[in-house]
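Please open the structure in your viewer and keep the selection tool at hand. The tour goes from one selection to the next and says at each stop what is there.

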Amino acid sequence: QVQLVESGGGLVQPGGSLRVSCVASGGDEFRRYNMAWYRQALGNQRELVAGITVGGNTKYADSVKGRFTISRVGAQNTVYLQMNSLKVEDTAVYYCNAGWSISGGPGLSWGLGTQVTVSS
């Protein structure tokens, strides 16, 4: 399984921006995986935020469309989530996932997560 490490979380005011990153181990393996970001707020179930396929197709949760952008850089084994116009309700632990399916659910590989807190 690919190993995933997230970074870039923190505290930001409503309306602000933040970019979280996920670095995957195994250069050759990364390019074969669809990648996704999930989040889990306190007391809630983990939910899909955004996913990107090997071919670059993307899928977003309705709640983040137009505000968040997922991207991947193969040479860096990295997937990014650019978050703009952040809202208090975006507060959650954000998890990187490898092996996600655009028509199904998450893959087997998860990172440990990075906390994003949106508060004034």
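Begin by selecting strand β4, residues 35-40, in this predicted model. The strand is mostly covered, since five of its six residues are buried.

Keep β4 selected and add strand β5, residues 47-52, which runs antiparallel to β4 and is joined to it by five bridges. Among the residues to look for is A36, which stands opposite G51 in β5. The two strands form a hairpin with six residues between them, and in the turn you can pick out G43, whose phi is positive at about 85 degrees.

Now add strand β9, which pairs with β4 in the antiparallel sense over six bridges. If you return to A36 and look towards β9, the bridge partner you find there is N97. Strands of a sheet pair through backbone hydrogen bonds, either parallel or antiparallel.

The next stop is a group of rings, for which you should show the side chains of Y38, Y95 and W110, a cluster linked by ring pairs. A search of the whole structure finds two aromatic pairs. In one of them, the rings of Y38 and W110 have their centres 5.1 Å apart and their planes at 70 degrees, so this pair is edge-to-face. Y38 belongs to strand β4 and W110 to strand β10 (residues 109-110), so that the pair links distant parts of the chain, 72 residues apart. Are these two residues buried, exposed or partly exposed? Y38 counts as buried because its relative accessibility is 6%, whereas W110, at 30%, counts as partly exposed. Y95 and W110 also form an edge-to-face pair, with 6.4 Å from centre to centre and 90 degrees between the planes. Here Y95 lies in strand β9 and W110 in strand β10, 15 residues apart, and Y95 counts as buried at 13% relative accessibility.

Stay with β9 for the disulfide, and select C22 and C96, whose sulfur atoms are 2.1 Å apart. C22 lies in strand β3 (residues 18-24) and C96 in strand β9 (residues 92-98), so the bond ties together parts that are 74 residues apart in sequence. The torsion about the S-S bond of C22 and C96 is about -80 degrees, and the disulfide is therefore left-handed. C22 counts as buried, at 0% relative accessibility, and C96 likewise counts as buried at 0%. The structure holds one disulfide.

From C22, widen the selection to the sheet that contains β3, an open sheet of four strands in the order β1-β3-β8-β7 with antiparallel pairing. Its edge strands are β1 (4-7) and β7 (68-73), each of which pairs on one side only, and the twist averages 15 degrees from one strand to the next. Between β1 and β3 there are four bridges in the antiparallel sense, and the bridge partner of V5 in β3 is V23.

For the last stop, turn to the largest nonpolar core, which has 28 residues, and select M35, W37, L81, M83 and Y94, the members that touch the most others. Two or more residues come to this core from each of β3, β4, β5, β7, β8 (78-83), β9 and β11 (114-118). Which residues does L81 touch, not counting those up to four places away in sequence? L81 touches L18, R19, V20, W37, V49, A50, F68, T69, I70 and Y94.

Methods: Residues numbered from 1 in each chain as written. Predicted model: local features only at pLDDT ≥ 70, side-chain atom pairs only at ≥ 80, totals over all residues. Heavy atoms only, no water. Disulfide = S-S within 2.5 Å. Buried < 20%, exposed > 50% of the residue type's maximum accessible area, 1.4 Å probe, protein only. Pairing = 2+ DSSP bridges. Axes fitted to C-alpha atoms, helices over the stretch in contact; angles between N-to-C directions. Core = buried A, V, L, I, M, F, W, Y, C linked by side-chain atoms within 4.5 Å. Contact = heavy atoms within 4.5 Å. Phe/Tyr/Trp six-rings, centres within 6.5 Å; stacked < 30°, edge-to-face > 60°.
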